[in-house]
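Grab a pencil and open the viewer. Here are some exercises to work through, each with a solution you can check step by step.

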Amino acid sequence: MASELIHLPARSLRPGMTLPYDVYDATGKLLFAKGQVLRDSPLVRSLVDGGAWVMSEDTMEYQRARAHRLDTLVMQDVPLADIAKADTSFKLDAPLAPAKVELGPREAWSDLLLHTHSLLREAEPADFPARLAQIRDAALKRLHAHPDSTLLLLVFESSQEYGDYSARHALLTLLLCDLVAQQLQLPPPLREALQGAALTMNYGASDMHDRMANQTGPATPAQRQAVAAHGDRAAQRLAQVGIADPVWLTAVRLHHDAGPGPLAARGDGEKLARLLRRIDIFGARLSPRRSRLAMSGAAAARAVFLDELGQPDEAGAALIKAVGLYPPGSIVRLANGEVGLVFKRGFSANEPLVAALIGKSGSPLSAPVPRDTRLGSQAIAASLAPAELKLHVNLDTLLKL
């Protein structure tokens with residue numbers, strides 16, 4: 001069967017990289033051949049922003065080779081810093097050896113996004129559990145090594161665009177679920193089941209979720225019906241591709257149906273489903289769609305702190321304790337009039353560290369200035385929606401903080 005063209009997520013490519021596969025336009029015309037170096041040009045910049053297509057079989061081969069290399073490094077107990085490195089001239093026939101050029105955090109997450117995007121869309125994926133575990137482990141290694149900068153990157157990027165919504169949301173949900181599992185001290189089997197459910201709760205419905213994120217109008221009756229049933233369908237498909245953990249499958253099946261109430265009285269699967277539901281809502285509120293803007297960090301937190309009956313929610317409270325009322329990557333205004341981006345969680349949920357970006361005069365600062373919100377003059381006065389920040393943010397500079 002002929003290979004199909006698939007659309008790459010935005011920023012999967014970057015100027016200067018050596019292409020691991022042929023790159024086409026939407027009509028199937030070859031633009032750049034495998035092995036070429038992408039030189040900066042208007043065409044390349046348009047491809048970086050999301051205009052490139054590749055053959056699905058090429059991408060799967062590339063994924064498996066990259067996944068094998070990562071697995072090799074993990075099995076050899078290579079330090080985390082070295083695992084985060086990759087050879088920008090990596091080719092499918094290259095030896096699987098530790099890479100020599102370090103990928104930055106943004107490039108590494110773009111690579112993970114591509115893997116997630118492709119795997120969740122394969123009609124008949126081979127070795128699904130193992131490949132999903134590779135994505136999970138690579139994401140969690142970055143989270144555990146750099147928790148605040150990882151949250152900053154994913155929360156901020158999720159708040160800025162609706163492209164590739166499903167894969168981006170799956171990765172963000174995975175990280176939030178792991179932090180909540182730590183907060184609640186879940187035993188390892190439940191923690192792993194929650195991680196798996198976070199990545200796969202929308203399995204089989206990724207295309208639908210991406211279309212809904214990109215449409216200007218509300219969901220159609222058919223879409224609402226499909227959303228209501230997608231938990232059952234996702235669990236069925238996961239069982240077919242080799243996921244056998246009943247707790248994982250129950251969490252996926254019930255993640256839209258787990259209602260309010262204490263966690264302790266629930267079975268394991270139902271407990272994880274409730275956690276997943278609240279974290280799913282939180283991540284969705286932080287992310288825009290073409291039809292609506294993203295919420296502020298504090299508004300998203302308030303949406304999960306109270307349950308459907310207006311009562312304090314145990315699952316939502318655990319999430320806020322884990323990430324704060326103003327999570328890294330969210331926008332705030334300080335008491336002194338400055339506007340900035342939260343870059344690190346603080347000692348309490350409402351006192352994070354903030355990088356001031358816009359001065360009290362309303363003019364951009366020449367460089368981000370760290371502010372300690374425990375000080376009265378630098379306390380947070382308001383949480384702002386992402387669209388209220390009229391400034392191009394240099395994430396690379398912020399990540400160094």
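The exercises below all use this predicted model.

**Exercise 1. How many helices and strands does the protein chain have, and what percentage of its residues count as buried?**

Solution.
- Step 1: Go through the secondary structure of the chain, which comes to 15 helices and nine strands.
- Step 2: Turn to burial: of the 401 residues, 51% count as buried.
- Step 3: Now look at contacts between residues at least 6 apart in sequence; 63% of them join residues at least 24 apart.

**Exercise 2. Find which members of the largest nonpolar core touch the most other members.**

Solution.
- Step 1: Pick out the core itself, which has 78 residues.
- Step 2: Look for the residues that touch the most other members: these are Leu 171, Leu 272 and Phe 282.
- Step 3: See where the core gets its residues. Helix 7 (residues 165-184) gives the largest share, with 11 residues.
- Step 4: Check for a separate core. There is another one of 14 residues lying apart from the largest, and its members include Leu 13, Met 17, Leu 47 and Val 48.
- Step 5: Zoom in on Phe 282 and skip its neighbours within four places in sequence. Its contacts are then Leu 176, Gly 297, Ala 300, Ala 301, Val 304, Leu 319, Val 323 and Pro 327.

As background, nonpolar side chains in soluble globular proteins tend to be buried together.

**Exercise 3. Work out whether helix 5 and helix 7 are parallel or oblique to each other.**

Solution.
- Step 1: Take the geometry: helix 5 (residues 128-145) packs on helix 7 at an angle of about 60°, and the axes are 10 Å apart.
- Step 2: Compare with the cut-offs. Angles under 35 degrees count as roughly parallel, and 65 to 115 as roughly perpendicular. The angle of about 60° fits neither range, so the two helices are oblique.
- Step 3: Add the handedness, which is right-handed for this crossing.
- Step 4: List who touches whom. Helix 5 brings Ile 135, Arg 136, Ala 139, Leu 140, Leu 143 and His 144, while helix 7 brings Leu 171, Leu 174, Leu 175, Asp 178, Leu 179 and Gln 182.
- Step 5: Sort that contact by class, and you get eight nonpolar, two polar and two charged residues.

**Exercise 4. Repeat the job for helix 5 and helix 8: are they parallel or perpendicular?**

Solution.
- Step 1: The axes cross at roughly 105° and come within 11 Å.
- Step 2: Since 65 to 115 degrees counts as roughly perpendicular, that is the word for helix 5 and helix 8.
- Step 3: In the contact, Phe 128, Leu 132, Arg 136, Leu 140 and His 144 of helix 5 meet Arg 191, Gln 195, Leu 199 and Thr 200 of helix 8.
- Step 4: By class, this contact has four nonpolar, three polar and two charged residues.

**Exercise 5. Decide whether Asp 127 and Gln 185 are buried or exposed.**

Solution.
- Step 1: Locate Asp 127 in the loop between helix 4 (105-119) and helix 5, and Gln 185 in the loop between helix 7 and helix 8 (188-200).
- Step 2: Check the backbone. Asp 127 has a positive phi of about 55° without being a glycine, and phi of Gln 185 is near 55°, also positive in a non-glycine residue.
- Step 3: Exposed means over 50% relative accessible area. Asp 127, with 55%, is exposed, and Gln 185, at 71%, is exposed too.

Key: Residues are numbered from 1 along each chain as its sequence is written. This is a predicted model: local features need pLDDT of at least 70, side-chain atom pairs count only at pLDDT 80 or more; totals for chains, interfaces and linings use all residues. Side-chain values use heavy atoms; hydrogens and water are left out. A nonpolar core is a set of buried Ala, Val, Leu, Ile, Met, Phe, Trp, Tyr and Cys residues joined through side-chain atoms within 4.5 Å. Buried means under 20% relative accessible area, exposed over 50%, partly exposed in between (1.4 Å probe, protein chains only). Helices (H or I, at least four residues) and strands (E, at least two) are DSSP runs, numbered from the N terminus. Contact means heavy atoms within 4.5 Å. Axes are lines fitted to C-alpha atoms, for helices over the stretch in contact, and angles run from 0 to 180 degrees between N-to-C directions. Angles under 35 degrees count as roughly parallel, over 145 as roughly antiparallel, 65 to 115 as roughly perpendicular and the rest as oblique. A crossing is left-handed if the near helix is turned anticlockwise from the far one by less than a right angle, and right-handed if clockwise. Ala, Val, Leu, Ile, Met, Phe, Trp, Tyr, Cys and Pro count as nonpolar, Asp, Glu, Lys and Arg as charged, and the others, Gly among them, as polar.
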